[in-house]
Structures are given as C-alpha cells and as structure tokens.
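Dear colleague,

I am passing on the structure we spoke about, together with some notes on its empty spaces and its ligand. Please look through the structure first and then read on.

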Amino acid sequence: MSLVIARPKSAEFGVAPVPETKSISRLRAAAQTCRACPLWKNATCAVFGEGPNSAKLIFVGEQPGDKEDRAGHPFVGPAGHLLDRALEAAGVDRDDCYITNAVKHFKWTPQGKRRLHAKPSAREVAACRPWFAAEMKAIAPRLVVCLGSTASQQVLGKPIKVTQARGEKLDSEFGVPALITVHPSSLLRAMGQPDAEEQFGRFVADLKRLRG
Ligand code: URA
C-alpha cells in the first residue's frame, strides 16, 4: 500500500511581501508576486486598488470578478457599472475616490467555460490584510466604505451582519470610520424582482451620505 502524505493546508499560506512604501504603483507591482494564500494560482493577476492618493474616500469591495481579473482593474465589470450608476445618482465622483478590494486575487470555480465567483475564506481575507493596510496608510482617507460582508470583515477585523449594520459608521481597525453598505452584486442579483428599484434607491441613499 502506498502512503499518501497530504500537504498541510497551512503550507499554502505565507506572508504578504509588502514593501515599506506609500507608493501605490510600487505596492501594486509587489502584489503581483504575492503567494500569501493559494488564490494567486488560478488568477490572471493581482487586481490592486486605483484612485488618487489624495482620495478622502476608499471603497472596498470583496475581490475582483472575472472581468476585473482579465482587465487588471477593480470594479470594471457588471458590479462596477452598477456602482458607477449609483455613484452618479448620489453625486459622488468615482474619480475622486480610491477603489479597492478586500482580497486582490479572483477566487473562482469552473462551471463549463465559465469562471464562477467563489467567496474568499476568512483565512484568505486575513492573508490579504497587509495589502489593504498598506493602501490605508498610503491614502489616509477620512472614511472607508465597506461594500458587503467580506469588505466589512477586512476593515473591521471581525465578521458582521451587513443587514444589521447597514448605514452605520463603525470604528475600523485602521483608526478611520467605516460606513457599512451592501455590495452592488446583491443589487444585480435582485434585478427583475419587484423591489429592485427600491433596493437601488436605498444604495444610492447610503452613498448620498458621503457627499461633502
Ligand atoms: N466585485 C468586487 O467586489 N470587486 C470588484 O472589483 C468587482 C466585483
């Protein structure tokens, strides 16, 4: 009988190679070499945050989707288009904001030719935290907007129920208040339902709190 020795799962996790810098382009380049969790293996690239260094607001999503993974930019797929629409309706200029994700690599499972989004584990979120911490240090925003539960977990350092905390400004692990709201993907999933417009309106109302 042959002996199969399974590699311990923890061997797939390591330390994120975050350089000591406030340069987003240097951080972005270094993130391409990150092997702190196994997600790099099936992703095209690490999708780092984008936006001006002077941004007062950071938006945090969950992780890049299929389109973002191919393009190398955050929120450029369907969820990004919905976010753009909501930001415009709320009078918030995306170009003034820094947009990033809690996890920088796309986690997916195959379904035929499609790559289906898979939720990152708490361990994968934690492995990516040093990158988010570096973005927070570089941008030093006034407020972080958490889009959904994975973003909230990254920013607050603990899981919360978005439905309960929605609209609240909570203390983040980074000394900057965090506004909790839903992820635009939840609105995409609601499309076609009778309350889809109402849900979109609630999201816009959350974003309107960011003006000024
Ligand atoms: N969903 C996210 O959370 N982030 C993206 O960049 C795209 C979709």
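In this predicted model, there is 1 cavity of 30 Å³ or more, and the volume of the largest cavity comes to about 100 Å³. Its lining is made up of 13 residues, among which Cys34, Cys37, His105, Cys128 and Trp131 are the closest to the centre. Helix α4, which spans residues 122-139, gives the largest share of that lining, namely 4 residues. Sorted by class, the residues that line the largest cavity are 10 nonpolar, 1 polar and 2 charged.

Turning from the cavity to the pockets, the largest pocket holds about 720 Å³ of space, and 30 residues line it, with Gly65, Ala79, His117, His183 and Ser185 lying nearest its centre. Two or more residues of this lining come from each of the elements α2 (66-71), α3 (78-90), β4 (114-117), α5 (149-156) and α7 (184-190). The lining of the largest pocket divides by class into 11 nonpolar, 11 polar and 8 charged residues.

What occupies the largest pocket? The space in question is the one taken by the ligand. Around the ligand stand Gly61, Glu62, Gln63, Pro64, Gly65, Glu68, Pro74, Phe75, Asn101 and His183, and by class this shell consists of 3 nonpolar, 5 polar and 2 charged residues. Gly65 and His183 thus appear in the shell around the ligand and also among the residues nearest the centre of the largest pocket.

For the contacts themselves, a nitrogen atom of the ligand lies 2.9 Å from a backbone N or O atom of Gln63, while an oxygen atom of the ligand lies 2.9 Å from a backbone N or O atom of Phe75. In the case of His183, the side chain is involved, with one of its N or O atoms 2.6 Å from an oxygen atom of the ligand. Of the 240 Å² of accessible area that the ligand has on its own, the protein covers 93%.

With best regards

Conventions: Residues numbered from 1 in each chain as written. Predicted model: local features only at pLDDT ≥ 70, side-chain atom pairs only at ≥ 80, totals over all residues. Heavy atoms only, no water. Near = heavy atom within 4 Å. Polar contact = N/O pair within 3.5 Å; in protein donor to acceptor, adjacent residues only side chain to side chain. Areas by Shrake-Rupley, 256 points an atom, 1.4 Å probe, with all protein chains shown as cover. 1 Å grid on protein atoms, 1.4 Å probe; cavity = no way out; pocket = protein on both sides within 12 Å on 5 of 7 lines; lining within 4 Å. Sits in = over half its atoms within 2 Å of the grid points. Nonpolar A, V, L, I, M, F, W, Y, C, P; charged D, E, K, R; others polar. Points joined across faces, edges and corners; volume = space filled by probe spheres on them.
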